[in-house]
Amino acid sequence: MTSTAMPTAEQHGLVAHSDGAFVPVQTRSERFRSTNVDDFEPVNGREHEWKLSPVAAFADLTSGELDGSRLAIETTDVPGVAYSYLARDDARIGSAGIPEERASANAWSSFGEALLVSVTGEDEKTAVVTRSGLGAAPRAAHTVIEAAPNSRAMVVLEGTGSARLSENVEIIVGDGASLTVVSLQEWDDEAVHLSSQFARLGRDSFLKHIVVSLGGQVVRVNPSTHLAEQGADIEALGLYFADAGQHLEQQVYVHHDAPHTKSRVTYKGALQGAGARTVWVGDVLIGQKATGTDSYEQNRNLVLTDGTRADSVPNLEIETGDIEGAGHASATGRFDDEQLFYLMARGIREDEARRLVVRGFLTEIVQKIGSPELEARLTAALEAELQGS
């Protein structure tokens, strides 16, 4: 496990220039990192990584003492998927990434053991890890998902019930492996969940990473993917539905660091009710070694009522001109009146027509999950959200 003591200037978002002077961070890969919470200054909400977040709602998770004991979990018994616990000094811990902000570092400094989900075998399989009813005390957790070379699996990490949880999730995808990881947040209304998720992809490997956030008062899931070896491929999908007073946030980072890598990022969300807030920040960095990169990211938000706010910030950094293609898109808007008119002209009531439009907008993500059972469950959950609109 790595802990890096850094100069105060670097803690303030500065890096050393070639002439010895400190200058502001110029690229995402230069951000300060450490596994020690004391290396980060207290959060005040003005930092670049926190300026869109309600930091007062989770001050106990960024600065307070966290319970790092094992979480109560339920797991499915599936051949080819094994569960165990790792000591803090295991070499796999920190191999996919380390914290860039204080909440993640506080969880890293606090956890006692890491849950290891080991995937082997080339047959398709689905494993579910459920965290439920964690209570109101602030807690820390660390999970490592390791897919052996050429293995195949879907791993679902789901959260239900009450929680005040800050966690780190590391995803290690071996050469030639194909892994789907679903982070499913269906917490109770008062729950707070901060999750930093780091993935490292081996040669010719594929990761489908899906974030689904429906429940919780504040949910902040930040996936970072390192395409470290030639031919690595990431499909990052997100689905969220924010109700009144709910804050749902995703800050997505994809680092192309090897030749002929590919990424597709698609996040879609809907907002309804006074104070509903969503945040999506998408960073894609195409490094100097990443020749032949093929990358595209997009975020779409559908506003259903007044009094909501959706922040959508796509960023793209390119350090080599020898790429297949790269682009990004962002859009936030209300209902398409023509779609509503088309449906209502065919005898469909306005309220039902509105639900059909929203369902069609979000179903694109649901249908890409690859698990009929989970897709049906999420379709029902979205229908329940729409019935309450």
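## Tyr85 and its contacts

Tyr85 is partly exposed, at a relative accessible area of 28%. That value lies between the 20% under which a residue is buried and the 50% over which it is exposed, so the intermediate class applies. The model is a predicted one.

Tyr85 belongs to strand β4, which covers residues 81–86. Beyond its neighbours within four places in sequence, Tyr85 is in contact with Arg70, Leu71 and Ile73. Glu113, Ala114 and Leu115 are further contacts of Tyr85. Leu115 is 30 residues from Tyr85 along the chain, yet their C-alpha atoms are separated by 4.7 Å.

## The nine-strand sheet

Strand β4 is part of an open sheet of 9 strands. The order is β4-β5-β7-β9-β11-β13-β15-β17-β19, and the pairing is mixed. Which strands stand at the edges? They are β4 and β19 (309–318). Each has a single partner strand, so one side of each is left without a neighbour in the sheet. From one strand to the next, the twist averages 10 degrees.

Inside this order, β13 (residues 218–227) pairs with β15 (residues 247–256). The sense is parallel, over 8 bridges. Val221 stands opposite Gln250 of β15. Helix α3 (residues 102–110) lies across three strands: β7 (139–147), β9 (164–173) and β11 (192–201). Its direction is at about 85 degrees to β9.

## Thr278 in β17

Buried or exposed: how does Thr278 count? Its relative accessibility is 0%, under the 20% cut-off, so Thr278 is buried. Thr278 sits in strand β17 (residues 277–286).

Leaving out residues up to four places away in sequence, Thr278 touches Tyr240, Ala242, Leu248 and Leu271. Asn301, Arg309, Ala310 and Asp311 also touch Thr278.

## Pairing around β6

Strands of a sheet pair through backbone hydrogen bonds, in either a parallel or an antiparallel sense. Strand β6 (residues 126–132) takes part in both kinds. With β3 (residues 73–75), β6 pairs in the antiparallel sense over 3 bridges. Glu74 has Thr130 of β6 as its bridge partner.

With β8, strand β6 runs parallel, and 7 bridges join the two. Here Ala127 has Val155 of β8 as its bridge partner.

## Helix α6 and its two sides

Helix α6 takes in residues 372–387, 16 residues in total. At 1.5 Å a residue, α6 should span 22 Å. The end C-alpha atoms of α6 are 22 Å apart, which agrees with that expectation.

Leu374, Glu375, Leu378, Ala381, Leu382, Glu385 and Leu386 are the buried residues of α6. They cover an arc of only 140 degrees around the axis, so they lie on the same side of α6. Pro372 and Glu373, on the other side, are exposed. What covers the buried residues of α6? The cover includes strands β8 (152–161), β10 (178–187), β12 (206–215) and β14 (233–242). Helix α5 (350–366) is also among the elements that cover them.

## The chain as a whole

The chain has 6 helices and 20 strands. Its radius of gyration is 21 Å, close to the 21 Å that the globule rule gives for 389 residues, so the chain is as compact as a globular protein of that length. The C-alpha atoms fill a box of roughly 70 × 45 × 45 Å along the principal axes.

Of the 389 residues, 54% count as buried. Among contacts with a separation of 6 or more, 85% come from residues 24 or more positions apart.

Note on methods. Residues numbered from 1 in each chain as written. Predicted model: local features only at pLDDT ≥ 70, side-chain atom pairs only at ≥ 80, totals over all residues. Heavy atoms only, no water. Helix = DSSP H or I, 4+ residues; strand = E, 2+ residues; numbered from the N terminus. Buried < 20%, exposed > 50% of the residue type's maximum accessible area, 1.4 Å probe, protein only. Contact = heavy atoms within 4.5 Å. Pairing = 2+ DSSP bridges. Axes fitted to C-alpha atoms, helices over the stretch in contact; angles between N-to-C directions. Expected span 1.5 Å × (residues − 1). Arc of directions from axis to C-beta. Rg over C-alpha atoms; globule rule 2.2 N^0.38 Å.
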